[in-house]
Amino acid sequence: MKKILAVMTAIGVGAAALSGCSQSQTQETEASQEQQTTETAAQESEAQESESGEEGQDIGVDKLVFTYVTSPLNVPSIIEKNQGIFADAFGQMGINVEYAEITSGADQTQALASGDVQVLYAVGGSSVILSAANGADIKIVNMYSRSPKAFCLYTKDESLTTPESLAGKTIAGPVGTNLHELLAAYLATADMTIDDVNYVNMSIPDAMAGLEGGSLDVAMLAGATAYQAEQSGYYLVTDGEGLIDASIAVAVTGEFAEQYPQLVDTLEEAQGTISQFMEDNYEETMEIVAQELDLDTDAVKEMYTAYDFSTDITESDIKGLQKTADFMLDAGMIDSEFDVNTLFME
């Protein structure tokens, strides 16, 4: 019995020892696996952070400056800034987004050439053509808008209803713009030119003030100002429908497009997000724009119908830009024929 008890005791002690050893090994294995998992997650996180940082360094850009122009009714610009769409898209790449409120087309293209601005987000086709014709490095990424009906000639004189009736009249508006082209195109329907009227280079607000004050016979107006002229009872001489395309584009330098194709891709994707927001949130879009421009929401809705904000470049867009280039040549704004196909990125 003593021998049996001794053997059983030995077996019990051995089993307990084996059990303790097995439990210890299991705990060590679990701890090792947990540590490996933690280390792997940490390594992946570090790799992602490193990759993000290296991406920003590889791009070599830590800031992008966009032009911000709200007139005449630049809905995409207003929505983009209000919703922070560019900031979100480029922020993921470690790039800060800033804005430059430059309304003059000439000043916009100059800022692009100097590097003060990287993206002209809404620049007139005529400004792009003039810049390129003068040797500047500028390329169209895509289109921003087309709005011929938004560009108008208004008068207090209800008898001014034909191109011929404008002969010798004082007409004011900004030179080298869609409005300038509209006046020339309208006069051309009666075989007339700018020389047949007293044309004065003037900003849209100043032209409106001149019309109100009686120093002008006709004011060249667009967007909200044109809408206000209509509401004030002034007479519409003509708008741009059938006369001009009123093309507005998005542009960068060719060097920028070639050096940073991923940024151009991100820009176009972000534009798609803007368009989708406008489509999915019509009422909110109208309210945001009305607040930004200090207009009645119903006024914004009425004006909005005159705009096509599709970003796709169509054959019609190319023909319209070529028509603008030909007008600029005839008007002496550029010195030689210009092929607008050279404006587009390959």
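## A lysine between two rings

Lys81 lies over the face of Tyr68, at 4.4 Å from the ring centre. Tyr99 also has this lysine for company: the charged end of Lys81 sits over the ring of Tyr99, 5.0 Å from its centre. Please keep in mind while reading that this is a predicted model.

## Aromatic pairs and a cluster

Let us move on to contacts between rings. The structure holds eleven aromatic pairs. One of them joins Phe86 and Tyr121, whose ring centres are 5.1 Å apart; their planes meet at 70°, so this pair is edge-to-face, given that planes over 60 degrees apart count that way. Phe86 belongs to helix H3 (residues 85-91) and Tyr121 to strand S3 (residues 120-124), so the pair ties together parts that are 35 residues apart in sequence. Phe86 is buried, with a relative accessible area of 0%, and Tyr121 is buried too, with a relative accessible area of 3%.

Another pair is that of Tyr144 and Phe309. With ring centres 6.3 Å apart and planes at 85°, these two are also edge-to-face. The pair links distant parts of the chain, 165 residues apart: Tyr144 is in strand S4 (residues 139-146), while Phe309 is in the loop between helix H12 (297-304) and helix H13 (315-330). Both Tyr144 and Phe309 are buried. The four residues of these two pairs turn up again in one aromatic cluster, formed by Phe66, Phe86, Phe90, Tyr121, Tyr144, Tyr282, Tyr304, Tyr307 and Phe309.

## Strand S10 and its partners

Tyr121 and Tyr144 lead us to strands S3 and S4, and each of these strands pairs with S10. S3 and S10 are antiparallel and share four bridges; within this pairing, Gly124 has Ile248 of S10 as its bridge partner. S4 is joined to S10 by six bridges, again running antiparallel, and here Ile140 is matched with Ala251 of S10.

How many residues of strand S10 (residues 247-252) are buried? Six of the six are, so the strand is largely enclosed by the rest of the structure. Its side chains can be sorted by direction: Ser247, Ala249 and Ala251 point one way from S10, whereas Ile248, Val250 and Val252 point the other way, and all are buried.

## A five-stranded open sheet

Elsewhere on our tour there is an open sheet of five strands, in the order S7-S6-S8-S5-S9, with mixed pairing. Strand S7 (198-201) and strand S9 (235-239) stand at the edges, and each has a single partner strand, so one side of each is left without a neighbour in the sheet. On average, neighbouring strands of this sheet are turned by 25° against each other, direction ignored.

At the S9 edge, four bridges join S9 to strand S5 (residues 151-155), and the two run antiparallel. Tyr154 has Leu236 in S9 as its bridge partner.

## Helices packed on the sheet

Helix H6 (residues 178-188) packs on this sheet and touches S5, strand S6 (170-173), S7, strand S8 (218-222) and S9. The direction of H6 makes about 70° with that of S5.

Helix H7 (residues 204-213) packs on the sheet as well, with contacts to S5, S6 and S8. Its direction makes about 140° with that of S8.

Note on methods
Residues are numbered from 1 along each chain as its sequence is written. This is a predicted model: local features need pLDDT of at least 70, side-chain atom pairs count only at pLDDT 80 or more; totals for chains, interfaces and linings use all residues. Side-chain values use heavy atoms; hydrogens and water are left out. Two strands pair if DSSP finds at least two bridges between them. Axes are lines fitted to C-alpha atoms, for helices over the stretch in contact, and angles run from 0 to 180 degrees between N-to-C directions. Contact means heavy atoms within 4.5 Å. Rings of Phe, Tyr and Trp (its six-membered ring) pair if their centres lie within 6.5 Å; planes under 30 degrees apart count as stacked, over 60 as edge-to-face and the rest as tilted. Buried means under 20% relative accessible area, exposed over 50%, partly exposed in between (1.4 Å probe, protein chains only). A charge sits over a ring if NZ of Lys or CZ of Arg is within 6 Å of the ring centre and within 35 degrees of the ring normal.
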